[in-house]
Amino acid sequence: MAGWTRHLTQSRHWAFVAFCRGTSATDTPPRPVKLKLTLSFQSTLFSKFLPPTRLISRNPAWVADENVDLKEEWRNRWSNLAIANKDLVEDPNTKPPGYNLPRRTWSTLNRIRTSTGRCNYLLNKWNMSPDQNCDCGQIQTMHHILRDCPRRFFQGTLGDIHRCTEEALEWIRHLDIPL
């Protein structure tokens, strides 16, 4: 009887099998049934390793023209964009300078590059600071910290920040406010 109980717990569909055979599930233990599953999409899924396309109007990435150079396409799109300071990024497919810096320095560098650091203006805008002014009395934006603040301004260019020069790294390390 122990084998029968074990067989019942192993077989999930024993009652269905007994019903199909026209017997009661409690009369006799069901004989093991081998089911052969054939899936209509099996050949597509396993031979090509790609899922089938579902809609005619959609163009999945794996059906796209294989002769397209994605990096070249990205460079072309990048060169045609109208973005401020896009000339600072020479090749959008390469890692920017400074990507191997410690996380705190890397984060500060990218916050300055994107002008979305934790300056008082943005903290006040996000309701995280009651005041948006700098220690010098002006509104503390990222541009103010970088260019206008008499206490903290960077003497180099924005290109030096993007190229991650030694002067830029020293300025970032010695900032007295966390960005």
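So, R151 and D135: their side chains meet in a salt bridge, with 3.2 Å from N to O. Keep in mind that we're looking at a predicted model here. Why would I bother with this pair? R151 sits in the loop between helix 7 and helix 8, while D135 is in the loop between helix 6 and helix 7, so the bridge ties together parts that are 16 residues apart in sequence. As general background, side chains of opposite charge can pair when their charged atoms come close. Across the whole structure, the search turns up seven salt bridges.

Staying around helix 6, which covers 120–125, let's look at N120, which is part of that helix. What does N120 touch, once you skip residues up to four places away in sequence? The list is S129, D131, Q132, N133 and Q140. Take D131 from that list: it's 11 residues from N120 along the chain, and the two C-alpha atoms are 6.6 Å apart.

Okay, on to helix packing. Helix 5 and helix 9, the latter being residues 166–173, pack at an angle of about 105 degrees, and their axes are 10 Å apart. An angle from 65 to 115 degrees counts as roughly perpendicular, and that's therefore how these two helices sit relative to each other. Which residues make the contact? From helix 5 you've got T105, T108, L109 and I112, and from helix 9 it's L169, W171 and I172. Sort those by class and you get five nonpolar, two polar and no charged residues.

Last stop, the pocket. Rolling a probe the size of a water molecule over the atoms shows where empty space is left. In this model, the largest pocket holds about 600 Å³ of space. There are 27 residues lining that pocket, and the closest to its centre are N85, L88, V89, R113 and H162. Which helices each supply at least two residues of the lining? That would be helix 5 (103–114), helix 7 (142–148) and helix 8 (158–163). So we meet helix 5 again: it contributes to the pocket lining, and it also packs with helix 9. As for the make-up of that lining, it's 12 nonpolar, seven polar and eight charged residues. The helix 5 and helix 9 contact, remember, has no charged residues.

Methods:
Residues are numbered from 1 along each chain as its sequence is written. This is a predicted model: local features need pLDDT of at least 70, side-chain atom pairs count only at pLDDT 80 or more; totals for chains, interfaces and linings use all residues. Side-chain values use heavy atoms; hydrogens and water are left out. On a 1 Å grid over the protein atoms alone, a cavity is a set of points where a 1.4 Å probe fits but cannot get out, and a pocket is an open set with protein on both sides within 12 Å along at least five of seven lines; lining residues have an atom within 4 Å of a point. Grid points are joined across faces, edges and corners, and a volume is the space filled by probe spheres set on the points. Helices (H or I, at least four residues) and strands (E, at least two) are DSSP runs, numbered from the N terminus. Ala, Val, Leu, Ile, Met, Phe, Trp, Tyr, Cys and Pro count as nonpolar, Asp, Glu, Lys and Arg as charged, and the others, Gly among them, as polar. Axes are lines fitted to C-alpha atoms, for helices over the stretch in contact, and angles run from 0 to 180 degrees between N-to-C directions. Angles under 35 degrees count as roughly parallel, over 145 as roughly antiparallel, 65 to 115 as roughly perpendicular and the rest as oblique. Contact means heavy atoms within 4.5 Å. A salt bridge is a side-chain nitrogen of Lys or Arg within 4 Å of a carboxyl oxygen of Asp or Glu.
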